[in-house]
Amino acid sequence: YLAGRGISKSIIDDCINEGIVYESLPYHNCIFVGFDHSGKAAYAFYRATTGERLMGEAAGSDKRYSFRIDRAGSTLHVFESAIDLLSYATIMKMRTGEWRAEPMVSLGGVYAPSPNRPGIKIPAALDNALQNHPEVKTIALHLDNDYAGRSAAKSIAEQLQDRYEIRNEPPPSGKDCNDFLMIIRQRNRSRQMGVARYEHPR
């Protein structure tokens, strides 16, 4: 399922080995795990791998410990979902060969403001990550190219810009980071096919 979404095989293997991604039985859902500071699993997000649009957080999940790559670094990268985080990690690996140079956190989704809820609180996962990474100076927001994502990015920036440098970096193409990764994969495949046709003309 993850490979089909364009995620790097080596990143998938690393995540499985670290225990932050696994496949559940008997339903074969993909599970993304977040651990608290004592090393105990405190958050889990499940997503069906069968094509069915089934997803959600496991009962008792603590959003403060949403799926993340917990590394020291001066820039914290923020995503709406685990898939987007792993998609960005894959793009970084394709470009630089390294994908764990800086901390990354997924928020477990965002919501758009409404007349009854005009403000957006700082998401619990982001607040927790900032508390536990005092070395962070810059926040890079890679939220979706839709109303909810753009509204959340604007609200987060307004609330934190007096304490951090905010980089608003939505994906250049597509709705989200996974869309952008799939666009890159398709471009690379098309380029390789063009080279192959040139090298082996019929």
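# Exercises on a predicted model

In the hairpin formed by strand 1 and strand 2, six residues lie between the strands, and His 28 adopts a positive phi near 60°. The structure is a predicted model, and the exercises below begin from this hairpin.

## Exercise 1. Strand pairing

Determine in which sense strand 2 pairs with strand 1 and with strand 3, and over how many bridges.

*Solution.* Step 1: strand 1 (residues 21-23) and strand 2 run antiparallel and are joined by three bridges. Within this pairing, Val 21 has Phe 32 of strand 2 as its bridge partner.

Step 2: strand 2 also pairs with strand 3 (residues 41-47), again in the antiparallel sense, over six bridges. Here Ile 31 stands opposite Tyr 46 of strand 3. These two strands form a hairpin with five residues between them, and Gly 39 in the turn has a positive phi of about 90°.

Step 3: as for solvent exposure, five of the six residues of strand 2 (residues 30-35) are buried, so the strand is mostly covered.

## Exercise 2. Geometry of helix 2

Compare the expected span of helix 2 with the distance between its end C-alpha atoms, and establish how many of its residues are buried.

*Solution.* Step 1: helix 2 (residues 82-96) has 15 residues, and at 1.5 Å a residue it should span 21 Å. Its end C-alpha atoms are 21 Å apart, which agrees.

Step 2: of the 15 residues, 11 are buried. Among them are Ala 82, Ile 83, Leu 86, Tyr 88 and Met 92.

Step 3: beyond the end of the helix comes Gly 97, with a positive phi near 85°.

## Exercise 3. Aromatic pairs

Classify the two aromatic pairs of the structure.

*Solution.* Step 1: the ring centres of Phe 32 and Phe 67 are 5.5 Å apart and the planes meet at 75°; the pair is therefore edge-to-face, since planes over 60 degrees apart fall in that class. The pair links distant parts of the chain, 35 residues apart: Phe 32 belongs to strand 2, while Phe 67 lies in the loop between strand 4 (55-57) and strand 5 (68-69). Both Phe 32 and Phe 67 are buried.

Step 2: for Phe 79 and Tyr 88, the centres are 5.2 Å apart and the planes are at 50°, so this pair is tilted. Phe 79 has 0% relative accessibility and counts as buried; Tyr 88, at 13%, is buried as well.

## Exercise 4. The environment of Ser 66

State whether Ser 66 is buried or exposed, and identify the backbone oxygen that its side chain reaches.

*Solution.* Step 1: Ser 66 lies in the loop between strand 4 and strand 5. Its relative accessibility is 1%, so Ser 66 counts as buried, the cut-off being under 20%.

Step 2: the side chain of Ser 66 reaches the backbone oxygen of Ser 106 at 2.9 Å. Leaving aside neighbours within four places in sequence, the contacts of Ser 66 include Gly 34, Tyr 43, Leu 107 and Ala 125.

## Exercise 5. The nonpolar cores

Find which helix supplies the largest share of the largest nonpolar core.

*Solution.* Step 1: this core has 30 residues, and Leu 2, Val 21, Phe 32, Phe 67, Leu 86 and Met 104 touch the most other members.

Step 2: helix 1 (9-17), strand 2, strand 3, helix 2 and helix 5 (177-199) each contribute at least two residues. Helix 2 supplies the largest share, eight residues.

Step 3: another core, of 19 residues, lies apart from this one and includes Ile 120, Ile 122, Leu 126 and Ala 152.

Technical notes
Residues are numbered from 1 along each chain as its sequence is written. This is a predicted model: local features need pLDDT of at least 70, side-chain atom pairs count only at pLDDT 80 or more; totals for chains, interfaces and linings use all residues. Side-chain values use heavy atoms; hydrogens and water are left out. Helices (H or I, at least four residues) and strands (E, at least two) are DSSP runs, numbered from the N terminus. The expected span of a helix is 1.5 Å times one less than its number of residues. Buried means under 20% relative accessible area, exposed over 50%, partly exposed in between (1.4 Å probe, protein chains only). Two strands pair if DSSP finds at least two bridges between them. Rings of Phe, Tyr and Trp (its six-membered ring) pair if their centres lie within 6.5 Å; planes under 30 degrees apart count as stacked, over 60 as edge-to-face and the rest as tilted. A polar contact is a pair of N or O atoms within 3.5 Å; within protein, one must be able to donate a hydrogen and the other to accept it, and residues adjacent in sequence count only if both atoms are side-chain atoms. Contact means heavy atoms within 4.5 Å. A nonpolar core is a set of buried Ala, Val, Leu, Ile, Met, Phe, Trp, Tyr and Cys residues joined through side-chain atoms within 4.5 Å.
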